[in-house]
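Morning, everyone. Please pull up the structure and keep the sequence beside it.

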Amino acid sequence: MNKRLLIIDNEEGILFALDKYFRRAGFHVQCARELEEAEALASCGNYDAVIIDLSLNGKGSTEGLEIIRYVRLHCPIARLILLTAHATPEIESEARRRGVHALLKKPHPLPAIAKTVAELLEQLV
C-alpha cells in the first residue's frame with residue numbers, strides 16, 4: 001500500500017519537485033498551494049505525512065503554522081514536516097508546540113527530505 005503524502009507550498013517549483021520525487025518513490029501525493037486548498041485536502045484525506053511550507057503567503061508569512069492545528073485535527077497520525085527559509089528559535093518552538101515532528105530549512109536536498117519522511121513514517125509502524 002502506498003503511503004499518502006500531502007505537500008503544502010506556495011512555490012510551484014518546489015511543489016513540482018517534491019511531487020515528482022515522492023511519486024517516483026511510490027507515494028500517493030496531493031499538493032496544495034494555499035491555505036483553503038490545504039484545509040479541503042486535509043479534511044478529506046488520511047495522510048501518513050504532510051510537508052508544510054511556513055510562508056504560504058510569501059516571505060515573512062507564518063501562515064504555515066495556522067494549518068498545523070487543522071491537519072493535526074483531521075489527520076491525527078500524520079507526521080508533520082515544516083519547511084522554511086526563515087526559521088527562528090521562536091518559530092521552531094511554536095511549530096513543535098503545535099505538533100510538528102521535524103523542521104527543515106530551505107533549500108533542503110530532496111534525498112534529505114525523503115530520509116526525514118521515511119524516518120518519521122517508521123514511527124507509524
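In which sense do strand 1 and strand 3 pair, and over how many bridges? They pair in the parallel sense, over 4 bridges. One caveat before I go on: this is a predicted model.

Let me stay with that pairing. Strand 3 covers residues 49-53. Leu6 has Val50 as its bridge partner in strand 3. Ile8 has Ile52 as its bridge partner there. Now go across to strand 4. Strand 3 and strand 4 also run parallel, joined by 5 bridges. Val50 turns up again here, with Leu80 as its bridge partner in strand 4.

Now the whole sheet. It is open, it has 5 strands, and the order is 2-1-3-4-5. The pairing is parallel. Strand 2 and strand 5, residues 102-105, stand at the edges. Each of these two has a single partner strand, so one side of each is left without a neighbour in the sheet. Neighbouring strands are turned by 20° against each other on average, ignoring direction.

Is strand 3 enclosed or open to the outside? 5 of its 5 residues are buried, so strand 3 is largely enclosed by the rest of the structure. A general reminder: in a regular strand the side chains alternate between the two faces of the sheet. In strand 3, Ala49, Ile51 and Asp53 sit on one side. Val50 and Ile52 sit on the other. Both faces are covered, and these residues are all buried.

Next, helices against the sheet. Helix 1, residues 12-24, lies across strand 1, strand 2, strand 3 and strand 4. Its direction is at about 170° to strand 2. Helix 5, residues 110-122, packs on the sheet as well. Helix 5 touches strand 3, strand 4 and strand 5, and makes about 155° with the direction of strand 4.

Those two helices also meet each other. At what angle do helix 1 and helix 5 pack? About 60°, with their axes 11 Å apart. Helix 1 and helix 5 are therefore oblique to each other. Their crossing is right-handed. From helix 1, the residues at the contact are Ala17, Leu18, Tyr21 and Phe22. They meet Leu110, Pro111, Ile113, Ala114 and Val117 of helix 5.

On to helix 2, residues 35-44. Which of its residues are buried? Leu35, Ala38, Leu41 and Ala42. Look down the axis of helix 2: the buried residues fall within an arc of 130°, so they line one face of the helix. Glu36 and Cys44, on the other side of helix 2, are exposed. The cover over the buried residues includes strand 1, strand 2 and helix 3.

Helix 3 deserves a closer look. Helix 2 and helix 3 pack at about 15°, axes 9 Å apart. They are therefore roughly parallel to each other. This crossing is right-handed. Leu35, Ala38, Glu39, Ala42 and Ser43 are the helix 2 side of the contact. Opposite them in helix 3 are Glu63, Ile67, Tyr70, Val71 and His74.

Helix 4 comes next, residues 89-98. Its buried residues are Ile91, Glu94, Ala95 and Arg98. These residues cover an arc of only 100° around the axis, which puts them on the same side of helix 4. Pro89 and Arg97 are exposed, on the face turned away from the buried side. What covers the buried residues here includes helix 3, strand 4 and strand 5. After helix 4 comes Gly99, with a positive phi near 115°.

Last stop: one lysine. Where is Lys106 found? In the loop between strand 5 and helix 5. Its relative accessible area is 18%. The cut-off for buried is under 20%, so Lys106 counts as buried. Leave aside residues up to four places away in sequence. Lys106 then touches Asp9, Glu11, Ile14, Asp53, Leu83, Thr84 and Ala85. Asp53 we met earlier, among the buried residues of strand 3. For scale, take Leu41 from helix 2. Lys106 and Leu41 are 65 residues apart in sequence and 24 Å apart in space, C-alpha to C-alpha.

That's my tour. Over to you.

Definitions and conventions. Residues are numbered from 1 along each chain as its sequence is written. This is a predicted model: local features need pLDDT of at least 70, side-chain atom pairs count only at pLDDT 80 or more; totals for chains, interfaces and linings use all residues. Side-chain values use heavy atoms; hydrogens and water are left out. Buried means under 20% relative accessible area, exposed over 50%, partly exposed in between (1.4 Å probe, protein chains only). The arc is that of the directions from the helix axis to the C-beta atoms. Contact means heavy atoms within 4.5 Å. Two strands pair if DSSP finds at least two bridges between them. Axes are lines fitted to C-alpha atoms, for helices over the stretch in contact, and angles run from 0 to 180 degrees between N-to-C directions. Angles under 35 degrees count as roughly parallel, over 145 as roughly antiparallel, 65 to 115 as roughly perpendicular and the rest as oblique. A crossing is left-handed if the near helix is turned anticlockwise from the far one by less than a right angle, and right-handed if clockwise.
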